[in-house]
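Colleague: I'd like to learn how to read a structure like this one. Could you walk me through a few features?

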Amino acid sequence: METMNLKKNTWSYYSKFMAVSVALLLCPIMVFAQQKDVKGTVLDTNGETVIGASVVVVGAPNVGTVTDLDGNFQLKVPVESKRLRFSYIGMRASEFNIPSNGVMKVILQDESITLKEVVAVGYGTVRKKDLTGSVTNLSDKNFNKGVVTSVDQMVSGQVAGLVITKPGGDPTTGATMRLRGTTSLLGGNGPLVVIDGVPGASMNIISPEDVESISVLKDASAAAIYGARSANGVIIITTKKGREGAASISYNGYFSLENIANNLDMLSAEQWRSYVKENNLTATDYGGNTEWHKEIFRTGYSQSHNLSLTGGSKTSKYRAGITFLDQKGIVLNNDLQRFNANFSLEQKALDDKLTVNLSLNGTFEKWHDVPDGDVYAYAYNLNPTMPIYDEDGNYKEENGMLNYNPVAILNQLVSDKSRNYLQGRLAADYKIFPFLSIGLNGSMSRNDFLWGYYAPRTSRPAEAAKGIAKRETSEDNQLLFEGNLTFDKTFAEKHKVNVVAGYSFQEFFNEGFSAQNRDFVTDLFTYNNLGAGNNLLPGDIASQKNSNRLISFYGRANYSYDSKYMLTVTLRRDGSSKFGVNNRWGYFPSVSAAWRISQEKFMSSLNFIEDLKLRVSYGVTGNQDIPNYKTLAMYGTGGYYYSNGQFYTQYSPNQNANPNLKWEQTSQFNVGLDFHLWNGLLRGSIEYYNKYTKNLLYDYPVPTPPYQYGTMIANVGEVSNKGFEITLETTPVRTKNFQWDMSVNVARNKNMLETLSNDEFQRDIVYTGARTITGLEETSQVLKPGFPIGTFYGAKYIGKDENGIFQYADISKDGKYVYADDRTEIGCAQPDFTINMSHSFQYKNFFCSFLLRGVFGNDVLNGTALYLNDANRLPGSNILDSGLKIAKQPLVYSSYYIEDGSFVRLENIQLGYNFKLRPGSPVKNLKLTATANNLFIITKYSGIDPEVSQDGLVFGIDARNYYPKTRSFSLGLNVTL
């Protein structure tokens, strides 16, 4: 068999040989009086010949043949014939025009990228062509390449409408996910994550190398099956499982070097000295030449190693994998180590009627985060003539809150964190009848967190306290039990019915403890002996415990007629202990329909349309992502009272009861058009959606009495999100040796806060973002009906006078302070639209891919420049080089520092080579890759990077606490035995 140079095993070869023989016997070829000869070769997308492919004449199905052992075919066809149809098991059936010379070379695509692809939709799967909701499915070929340390980074930029933001390059922090806009003020805004059937699971429980596919459920029709937790969409992650065949071992790893991608341009020591001399200032010159904003950084590196074992038989399949990640950040003493381990087993029994799945996942990680988030502000603030060390070799320190030595902070302070994730799942499916099955799903998960902090006695932050030690621990547990019945049957060949009905019970437990102490006689114990401290104060010890439950009943019915007309109806009833006794239960219905227009007879003449489907859906989903016990009257510490020579903690009301509290409710209308044109040359979808959320939770002032506390959380506000999404995929070039694939997705979302008030609770405007970003207390953003969430609020800059002094619209007469009535809306942190484009090229065994990610129309408050452009800070502190070009003047937060945050980033680019191995070689696959991440960015933003935090209610602010993004270069190796 080896002499034939076929990449098939012996069994595969003989099975295909028999398929050819049988097909030749069963495929009569009719001879016509007037005929012409047609011949050619059929190949797969890898350039390999396809043996036994069926070849028939379109319009004359009795005229045909099959390809031989070399993938060749030859037949006589009626002279009037124009097209041939090619098909093969596991590949997409396609039609091609007969060329004038009668010689054809046909390439068939794998079935996995066609409409027959199976997509996870929650409590089941569905063929892609039968989808009625808005779902995007991704597999390995779509995932991002290079230094990818978490699952969310794998899909950044790959899904229209899903914006994943990871501000900075800190390996110890996660990303923010927003799907189709911001929908909540107090609740969560991230999608619900479901991993292998476990809703609410943490993405950190699995390694990126263990992910098989990711489905993103966007509209209410697709997400409503998860009810009260799906208002922000659902992300379903399916991990890799065992497969039938001999055991195989795979290794996948990389090593990467990382450096700071961009930094601020601060005054050097010589520039500082020149300024002092030219302006005849009295200042202390320490004689040094220190670039503080560079001294806190280093060259970082990452390494990842994944080893997996896969195999099984028809009745038993298994997979085990381990992954080790070691990532050293570019900031001193900032690093992350993570170890993932997983095991899955699928066992069939009782004549394959019973299928049992067992999976175990564990993640053990430890990290050292940046112990003081203001370390960047220290580095930007310090006099550049001050050295790192004094003449005795000790860290040089100066008085003043922002004069801490940042190198000392990073080297002296200890912040050690660790977390252990454990999750076990056992699921069983039993086929009662061929069309009826029962499924059970149970899981337990545990998340343990531990933190230790110590500031030495001689460090600036703990100098007065003579050392500060802290310990904190928490434990999260989750229990899940689900049971469902599935009815799946086709009637009269064209009527397909699928019904799922089930019950779900989920319980969450959390408890934690924290303690701290001061005044240590030695630094030897660090945080490991809190009892050695001598200054324990009231409030230094705390503990807590809480829990909540979610009980649900759900059902979904799918009907399809001839894969032409499809209807889906979903209903979920959720009961949550988080809400008031008057609103514990809620209903979340949805309905969607699809029409495959391409199946209609009137479309038969349009041969270039392979598939055309119109989808329409409407549904209601909920958001219960709020803390526990918000419906109850609560008491909290409210100072101390003195009695009998001792102080005692005083308790007082700090929360009113609200038995009417309920989940936020989001209704969504969605219309979409899916298309496959020119035999799959152009594929994609166009979507329009309208989301409206009501019963927004927020804190409102209430009178006392009758209430005991001055504020209450209530369901009042409303917010809308409207937008469209376009996804296009194409293969412009496909030959035997070269293939070029391209995809583009565009998303536009318009967010609007509709109202904040009702008859009982009133708020006309809420000033948010009050924090010290300039040395002044500023309200940077507002919540105001008629404007988007994330609206910047401040003075409007209108130009400079003849002396270079900034002028503002309607500013107060003294020109030194902007009063409340002088402020206005000056920008918005939410983007207008996003555009992402990916390309992949393959030439023989070489391949290349890259992703461009773009965000447009968002504003960023450059609080760093607002603060560091102030020449009044000289000579005691440092400023930006650009600050010398701005006249000295009062410091005012204004639209001058609201900058366009639009950018286009080359997210990753990868070059690689797949080695062509001889048949029978013990090495089944060998691949080498070279990858660069964040190679360049195109932006007008003047700060370090425009991609700042999008988390929380106040976002889009660069406030002197930015961990710079990194640029990495990595080498990778993939081997399968």
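Modeller: Sure, we'll go through cavities, a sheet, two single residues and some backbone details. Keep in mind that this is a predicted model.

Colleague: Let's begin with the empty spaces. How many cavities of 30 Å³ or more does a search of the whole structure find?

Modeller: A cavity is a space where a probe fits but cannot get out. Searching the whole structure turns up eight of them at 30 Å³ or more. The largest has a volume of about 460 Å³, and the second largest about 380 Å³.

Colleague: Which residues should I click on to find the second largest cavity?

Modeller: Try V163, R178, Q830, P831 and Q950, the closest to its centre among the 28 residues that line it. Two or more lining residues come from each of β11, β12 (176–179), β35 (738–755), β42 (833–843) and β43 (846–856). By class, that lining divides into 12 nonpolar, 10 polar and six charged residues.

Colleague: And which residues lie nearest the centre of the largest cavity?

Modeller: Those are V147, Q153, K166, E907 and K965, out of 27 lining residues. At least two lining residues come from each of α2 (151–154), β11 (162–165), β46 (903–914) and β50 (966–976). The largest share, three residues, belongs to β46. This lining has five nonpolar, 13 polar and nine charged residues.

Colleague: Now sheets. In what order do the three strands of the open sheet run?

Modeller: To read a sheet, follow which strand pairs with which. Here the order is β4-β1-β7, and the pairing is mixed. The edge strands, β4 (72–78) and β7 (103–108), each pair on one side only. From one strand to the next, the twist averages 30°.

Colleague: In which sense do β1 and β7 pair, parallel or antiparallel?

Modeller: Parallel: β1 (residues 35–44) and β7 pair that way over six bridges. To see one bridge partner, look at D44, which is matched with L108 in β7.

Colleague: Let's go down to single residues. Is S780 buried or exposed?

Modeller: The number to look at is relative accessible area, and under 20% means buried. S780 has a value of 0%, so it counts as buried. You'll find S780 in strand β37 (residues 777–783).

Colleague: What does S780 touch, leaving out residues up to four places away in sequence?

Modeller: The list is T768, G769, T791, F792, Y793, L861, Y893, V954 and I957.

Colleague: Can we set a second strand residue beside that? Where is P589, and is P589 buried or partly exposed?

Modeller: P589 is in strand β28 (residues 585–596). Its relative accessible area is 36%, so P589 is partly exposed. Leaving out residues up to four places away in sequence, P589 touches T570, L571, G619 and V620.

Colleague: How far apart are the C-alpha atoms of P589 and R556?

Modeller: This kind of check sets distance in space beside distance along the chain. The two C-alpha atoms are separated by 9.7 Å, while the residues are 33 apart along the chain.

Colleague: What about the backbone itself? Which residues are joined by a cis peptide bond?

Modeller: The angle to read is omega. A cis bond joins T704 and P705, with omega about -15°. Another cis bond joins P705 and P706, with omega about 10°. Look for P705 in the loop between β33 (682–701) and β34 (711–734), and P706 lies in that loop between β33 and β34 too.

Colleague: And phi? What is the value for R180, and what is the value for Y629?

Modeller: With phi, check the sign and whether the residue is a glycine. R180 is not a glycine, yet its phi is positive, near 60°. Y629 is not a glycine either, and its phi is about 65°.

Colleague: Where do I find these two, and are they buried or partly exposed?

Modeller: R180 is in the loop between β12 and β13 (192–195), and with a relative accessible area of 2% it is buried. Y629 is in the loop between β29 (609–623) and β30 (634–643). At 32% relative accessibility, Y629 counts as partly exposed.

Colleague: Thanks, I'll go and look for these myself.

Terms used
Residues are numbered from 1 along each chain as its sequence is written. This is a predicted model: local features need pLDDT of at least 70, side-chain atom pairs count only at pLDDT 80 or more; totals for chains, interfaces and linings use all residues. Side-chain values use heavy atoms; hydrogens and water are left out. Helices (H or I, at least four residues) and strands (E, at least two) are DSSP runs, numbered from the N terminus. Buried means under 20% relative accessible area, exposed over 50%, partly exposed in between (1.4 Å probe, protein chains only). Contact means heavy atoms within 4.5 Å. On a 1 Å grid over the protein atoms alone, a cavity is a set of points where a 1.4 Å probe fits but cannot get out, and a pocket is an open set with protein on both sides within 12 Å along at least five of seven lines; lining residues have an atom within 4 Å of a point. Grid points are joined across faces, edges and corners, and a volume is the space filled by probe spheres set on the points. Ala, Val, Leu, Ile, Met, Phe, Trp, Tyr, Cys and Pro count as nonpolar, Asp, Glu, Lys and Arg as charged, and the others, Gly among them, as polar. Two strands pair if DSSP finds at least two bridges between them. Axes are lines fitted to C-alpha atoms, for helices over the stretch in contact, and angles run from 0 to 180 degrees between N-to-C directions.
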